Amino acid sequence: VSEVIGNPGAQFDIDQSPDGTITNVVLTKTSGYAPWDAAAEAAIRKTGRLPVDDSGYVPPRMFIVLRPKM
């Protein structure tokens, strides 16, 4: 992460089943740093399932941006 200049974000399109299981992950905008993009995608895939909200709803599709620095 120390090699990354600034704090660029990698944007992902995530498809989910009704129980929150991640079914597909697509990098839609690169951060410009391929190792970070790959690590961020691997982390999303490793998560496996996202939690449902209080009503039990899971959106079928989410767009998120992950950045290497806080």
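The exercises below work through the strands, the nonpolar core and the charged side chains of the structure shown above.

This is a predicted model, in which local features need pLDDT of at least 70 and side-chain atom pairs count only at pLDDT 80 or more, while totals for chains, interfaces and linings use all residues. Residues are numbered from 1 along each chain as its sequence is written, and side-chain values use heavy atoms, with hydrogens and water left out.

**Exercise 1. The sheet**

Task: State in which order the three strands form the sheet, and which strands stand at its edges.

Solution. Strands here are DSSP runs of E with at least two residues, and helices are runs of H or I with at least four residues, both numbered from the N terminus. Two strands count as paired if DSSP finds at least two bridges between them. On this basis the three strands form an open sheet with the order β2-β1-β3, and the pairing is antiparallel. Because β2 and β3 (61-66) each have a single partner strand, they stand at the edges, and one side of each is left without a neighbour in the sheet. From one strand to the next the twist averages 25 degrees, where axes are lines fitted to C-alpha atoms (for helices over the stretch in contact) and angles run from 0 to 180 degrees between N-to-C directions.

**Exercise 2. The β1 and β2 hairpin**

Task: Find how many bridges join β1 to β2, and describe the residues between these strands.

Solution. Six bridges join the antiparallel strands β1 and β2; among the facing residues, Ile14 has Val25 of β2 as its bridge partner, and Gln11 stands opposite Lys29 in β2. The hairpin has five residues between the strands, and Gly20 takes a positive phi near 95 degrees in this hairpin. Ser17 also belongs to the loop between β1 (10-16) and β2 (22-29). Ser17 counts as buried because its relative accessibility is 18%, the classes being buried under 20% relative accessible area, exposed over 50% and partly exposed in between, with a 1.4 Å probe and protein chains only. Apart from neighbours within four places in sequence, Ser17 is in contact (heavy atoms within 4.5 Å) with Thr23 and Val58.

**Exercise 3. The nonpolar core**

Task: Name the residues that make up the largest nonpolar core, and the elements that give two or more residues to this core.

Solution. A nonpolar core is a set of buried Ala, Val, Leu, Ile, Met, Phe, Trp, Tyr and Cys residues joined through side-chain atoms within 4.5 Å. The largest such core has eight residues in all, namely Ala10, Phe12, Ile14, Ile22, Val25, Trp36, Ala40 and Ile44. The elements giving two or more residues to this core are β1, β2 and α1 (34-47). Taking one member further, Ala10 has contacts beyond four places in sequence that include Leu27, Trp36 and Ile64.

**Exercise 4. Asp13 and the network around Arg61**

Task: Decide whether Asp13 is buried or exposed, and trace which residues its network joins.

Solution. Asp13 has its place in strand β1 and is buried, with a relative accessible area of 9%. Its side chain meets that of Arg61 in a polar contact of 2.5 Å; a polar contact is a pair of N or O atoms within 3.5 Å, where within protein one must be able to donate a hydrogen and the other to accept it, and residues adjacent in sequence count only if both atoms are side-chain atoms.

The next step uses salt bridges, each a side-chain nitrogen of Lys or Arg within 4 Å of a carboxyl oxygen of Asp or Glu. The whole structure contains four salt bridges. One of them pairs Arg61 with Asp15, with the closest N and O atoms 4.0 Å apart. Since Arg61 lies in strand β3 and Asp15 in strand β1, this pair ties together parts that are 46 residues apart in sequence.

Within helix α1, Glu41 and Arg45 lie four residues apart, about one turn of the helix. Returning to the β-strands, salt bridges that share partners join Asp13, Asp15 and Arg61 into one network.

**Exercise 5. A link between two loops**

Task: Explain why the salt bridge of Asp19 and Arg49 ties together parts that are apart in sequence.

Solution. The side chains of Asp19 and Arg49 form a salt bridge of 3.5 Å, N to O. Because Asp19 lies in the loop between β1 and β2 and Arg49 in the loop between α1 and β3, the pair ties together parts that are 30 residues apart in sequence. Asp19 is partly exposed, with a relative accessible area of 36%. Gly48 is also found in the loop between α1 and β3, and beyond four places in sequence Gly48 touches Gly20, Thr21 and Ile22.
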